[in-house]
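Here is a short report on two sheets, a helix pair and a single side chain. The structure comes first, and the reading follows.

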Amino acid sequence: MKIVNRWMVALICLAVFVPFIPGSVPAAAAVLETDIGNFETGTDNWQWGSNVTGLSHVTSSLNGPTTPYAGNRMGELSTAAIPGTTWRAIYKNFSPALNVSATHYFHGAFNTYGIDATHTQFEVRITFYSNSQTLVSTQSIAGNQWNELSVDLSGWSYRNNITKIEVAYRSVTYSTNWTGKHQLDNIGFSAYPPSYPGAVSQVSAGSSQITAQGTYTTASSAQLDLIELQPYEKYDITATYTAQATQTFSPSGGVASFALSTPRYASSRDKVYSKFVVVDHATKKLIASPAYVSQLTASVNTYDFPTARTMKGLQVQNVDDAQKLGIGHAALNVSFNELFQTDPTNAIPFVMDGATYYLRQDYVNRLDHDIKTLSDDDVIVTLILIMYNRPGSINALLVHPDYSGNGTVAAINATNADGVRYWKAGVEFLASRYTRSDELYGRAVNYIVGNEVNSQYYWYDMGNKALQDFVEQYARAYRIAETAVKKYYSNGRTYISLDHFWNGSAGTDALKTYKGKALMDEFNKRITAEGNIPWNIAYHPYPEDLFDPTIWNDTTVTNDANSVRINFKNLQVLTNYIGASNYLYNGNKRRIILSEQGFHSLSNSLADQKTQAAAYAYSYYKAKFLGGIDSFILHRHVDHGEEGGLNLGLWTRDAAKSVPYAPQDPKYIYDVFQKIDTSESVAVTEFAKPIIGITNWSSVIPGYDSSQLADRTPPVVGSLSSVSSIAPTVGVSGFETSTDGWAISEYSQSAAEVTSFANGPGTPYAGSKALEVNINNSLTGDGEGGARAEKGITKVFSSPISAASVPKFQFAIDSYGACPNATQYNVTVRIYSGINIIEGKAQMTPNTWNKFSMDVSGWAYKGSIDKIKIWFSTNSTSLWDARYQVDQIGFGA
C-alpha cells in the first residue's frame, strides 16, 4: 500500500528520586500518561524563570549529543552571564492542578553544556509545588549527554494537587560567569518507575495454569502478590486488587526467587492475554515490570513451519496467474472492517471467552478461496491484518479512538475492553481457521500486524503520539495477535511492518511519523521488558524515490546504521543490525520478510518496463544472496489507477474497465519475475546489466553465484492433444454417484453432477451424469480478468496414484459458447507430484464434447501423482455468466 507523499509539607531538601541502580532491572521506556513537555510543536507552556534569557524548541544543539532525546525536537533554555553555580530555572503552571496519585513517578531527560575537563559536576533541581507546599529533588547530571532522571512522589501528600513544576540547572564547581545552554525533553508522569528491585523472568501458560517466575532483591522475607491486569490497564497503587496468588518468599544471598501461579481460565475467559504484575504485599509497590505470557505450551497445532520452494513472492490479486508465475509466498490483506457483523444471518459463529462473534460469511468465503487455492499450491500465505475506518458499530469499536482521519489505515483499538475483545476474536478466528492441520480452508502461517507503523499518520493512524506512547499501544495490539496465533499454532509467525525509512522519517512531526530504527529499538526494548517473544520484521525496502526504479543510484542509503533509508542497495544494514545481542531471541536473529516493495515503470514504454524489470532483478539477487531474508514479496500484481500515478505491476491495467486495477497485458517484468528463480535466471536477466551499468552481477551483488539461482523447477511442458476417443481405466471419475473428490478452485463457484445441461450437446459424455462447473461468479470481475481468468477444478489423492502403466491422462470437456469478444476457448491440465508439475494446454470448441489426452510417460514423477487440476478460460476479458462440464477423467493406456 503506497502513497506518493510517503510520509510537593514544608520544604524538603531532597525528595525520594529513582536513579538507575546497578543490579536493578530497567523498565521499558517510560510511557508518560501525563505528558508535560515533549516540545515537538512548541515550548508546551513552560515559562522563563530566574536567570533565563530564552526558551525555545529546537531540532539540534551545539553540545552533545546534539539531537533530541525523543522525537524531532527538545526544549532548550539560554541563560544570562551569571556564575555557573547560580541556578537558572524554567517553570510550568497548572490550572487545573495536576493529580498524579496513580502516576506518581516523574520522568524526564536532561542535558547541559559541559564546561571543560576541570568542571564536570552539574545538577538539576526539580521542584514540585502544591500552592505553598513544595517537594524538591536535586540530582547530579553529566554534561553533553542525556541524563534520565526520575522522582517518586508516592510519599508526598500533595501529589494530587500540583500547581507548578520548576526545573533548574547549575554547575557545582564553576563560579565564573557562564552563558551555557541546557536542554530537556520527554517530561511527564508515569505509573511505572525507571527500574525495579526484581524481575519477572517468564510468564508461562500451560493448558490449565499460568505461572509467573522471577527474582526479587530483598534482605528479608517478602510477601508477594500476583495481580492480573487487562492489556490496556495501568497498575494503580491507589486501587484495590484481588490477588491471583499470594505467597511469602525468603531470600538467599539477598535474592528471593518466586513462582506464583493462577488458573489459566476464569470461568470461560482465557487469561493468556492478560498482563501480570508482582507487587510487595506490604508496600503495594511493583517489584518488577509488568509482564505478559511469553511461553505458551498448549497450542492446538504443532506441525513444522512449511518450507518454501522459492523466496519469490507476490501481493496476489489474481490467484490463477500467481500459480502460473510460480510464487513461493503470497501476501493477502485481511480488512478487519469487513470481518464482523452484528447478527447471525449469513454469518459464521465463533465462540471466544464464552461469547459468540459473527463473521461475515461472504468475506470469509473470499478469504477461503484465495488462501486455499494458494496454499494448496504449496505457497506460504502471509495475512496483513489491517483496519480501515468504515461505518458500522463493530468497526467503531475496532478503530483506535485517537484516529485522526488522515491515515488510509487506522490503528487497532487496544485501549479498552471492547476493542481488545474484537481484535482478539478476529485474530483467533483467522488463526483457528487457517492454521488447522487438515488445511480444510487453506493455510496461512504468517501474520503482519498493521502496515508501515513508523509512518503511522499515513498507514497506522493513532493520532498525535510520542514515540514511546505509540509503541506501547502498538506493542499491545501486536502481542495480542502473537498470542492468538500461538494459541492455535505453535510455529506461527507474527511481524511488525516498517517502510524504508530508517534514520529518517516520512515527515518532520515526531508525533506523527517516526524513524524506523528508533521505533524498532523502542519496540524491542518494550517487548523484551514485558516478556520476550519471537517478533519478526516485515520490511518494505522501496527505492528512495518511488517514481525512480534505479535503486542502484540512490544516494540517501549508506552502509551504516545512520542511513536515512534502508532499501535493496544497503539491505545488509538491517540484517547486520538485528544481529546485536539485545535483538536476539533464544540466540537467533529475528526473521525478516520483505513483504511489500515494487518498482515503477514510468510511461510503461518498453524501455521503461525494462528499467522496472532490471530493478527487480537487481533487488531479487541482492535479497537472494544476502542471507537472512525469508521472502521477497513484490507489490503489485497489476498497475493500479489510484496509486498516485505509480505503475508497480507485473501487468498494465485496462483503463476502460470498471475497476482501476483490471489486468490488460503482461509487462516486460512478467517473464523476468516468472523465471528468475529457475535455470533460466541468468539468461532472463542478461538485459539488465547495461541498464544498471555492469558487466557482471558479482560487481553489485555480494556473494552472487549463478549456480544457486535455480530454486524452483517450472512445470514440464506436456502435450495436451485432441483425440477422437478416450478410454480411461485408472483413477476414473465418471460422476455417476458423486463428484468423486473433485472440488472447485480458482474462480469457479460450484460444481455438481448433472444429468443434462443448457449448452449443447446437453447430455453427459458417457453414462447418465457429468460434472458441471458453475463459473457465474462475482469473484470473477474486471479485476480478475473476466472470462480470461482460469476457472478450475482440483482433485487431491489421499494416497498418490501411479500412471506408470497407464501414462495417458484423458478426459472430456464441454462448455457454454458465445462468450462476448472471445475467439478462443482454452483448457489447461496440471498434474502434480509434490512440487513437481507437468502442464498441458490446448484450445477447445464450446457446445460439444472435446476429448483430450496427455502422455506423461516421459515425466519422471508419473509413478506418484497426488493432485490434478483442470482449468478453463477464454481469451476475452468480458464478464461472462457460464458453465462448463467434464466427464470420464482418468488415466489410460
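Axes here are lines fitted to C-alpha atoms, for helices over the stretch in contact, and angles run from 0 to 180 degrees between N-to-C directions. The model is predicted.

**Helix pair**

Two packed helices are described by the angle between their axes and the distance between the axes. Take helix α2 (residues 361–375) and helix α4 (residues 417–434): their axes come within 12 Å and cross at roughly 40 degrees. That angle makes α2 oblique to α4. The crossing of the two is right-handed. On the α2 side, V364, L367, D368 and I371 make the contact; on the α4 side, F429, L430, R433 and Y434 do. By class, the residues of this contact are 6 nonpolar and 2 charged, with no polar ones.

**Two open sheets**

Strands of a sheet pair through backbone hydrogen bonds, either parallel or antiparallel. The sheets are set out below.

| Sheet order | Strands | Pairing |
|---|---|---|
| β39-β48-β47-β50-β45-β42 | 6 strands | mixed |
| β19-β18-β23-β24 | 4 strands | antiparallel |

Begin with the sheet of 6 strands, which is open and has mixed pairing. Its edge strands are β39 (716–717) and β42 (743–746), and each pairs on one side only. Within this sheet, β47 (residues 825–833) runs antiparallel to β48 (residues 836–844), and 9 bridges join the two. Which residue of β48 is the bridge partner of Y832? The partner is I837.

The sheet of 4 strands is open too, and its pairing is antiparallel. Here β19 (245–249) and β24 (291–292) stand at the edges; each has a single partner strand, so one side of each is left without a neighbour in the sheet. For β19, the pairing with β18 (residues 222–229) is antiparallel and covers 5 bridges. One residue pair to look for is Q223 with its bridge partner T248 in β19.

**Q674**

Q674 lies in helix α10 (residues 668–675). Is this side chain's residue buried or partly exposed? Q674 counts as partly exposed because its relative accessibility is 21%, while buried means under 20%. Beyond its neighbours within four places in sequence, Q674 is in contact with K312, K324, L325 and R712. P714 is 40 residues from Q674 along the chain, yet their C-alpha atoms are separated by 9.0 Å.

Terms used
Residues are numbered from 1 along each chain as its sequence is written. This is a predicted model: local features need pLDDT of at least 70, side-chain atom pairs count only at pLDDT 80 or more; totals for chains, interfaces and linings use all residues. Side-chain values use heavy atoms; hydrogens and water are left out. Two strands pair if DSSP finds at least two bridges between them. Angles under 35 degrees count as roughly parallel, over 145 as roughly antiparallel, 65 to 115 as roughly perpendicular and the rest as oblique. A crossing is left-handed if the near helix is turned anticlockwise from the far one by less than a right angle, and right-handed if clockwise. Contact means heavy atoms within 4.5 Å. Ala, Val, Leu, Ile, Met, Phe, Trp, Tyr, Cys and Pro count as nonpolar, Asp, Glu, Lys and Arg as charged, and the others, Gly among them, as polar. Buried means under 20% relative accessible area, exposed over 50%, partly exposed in between (1.4 Å probe, protein chains only).
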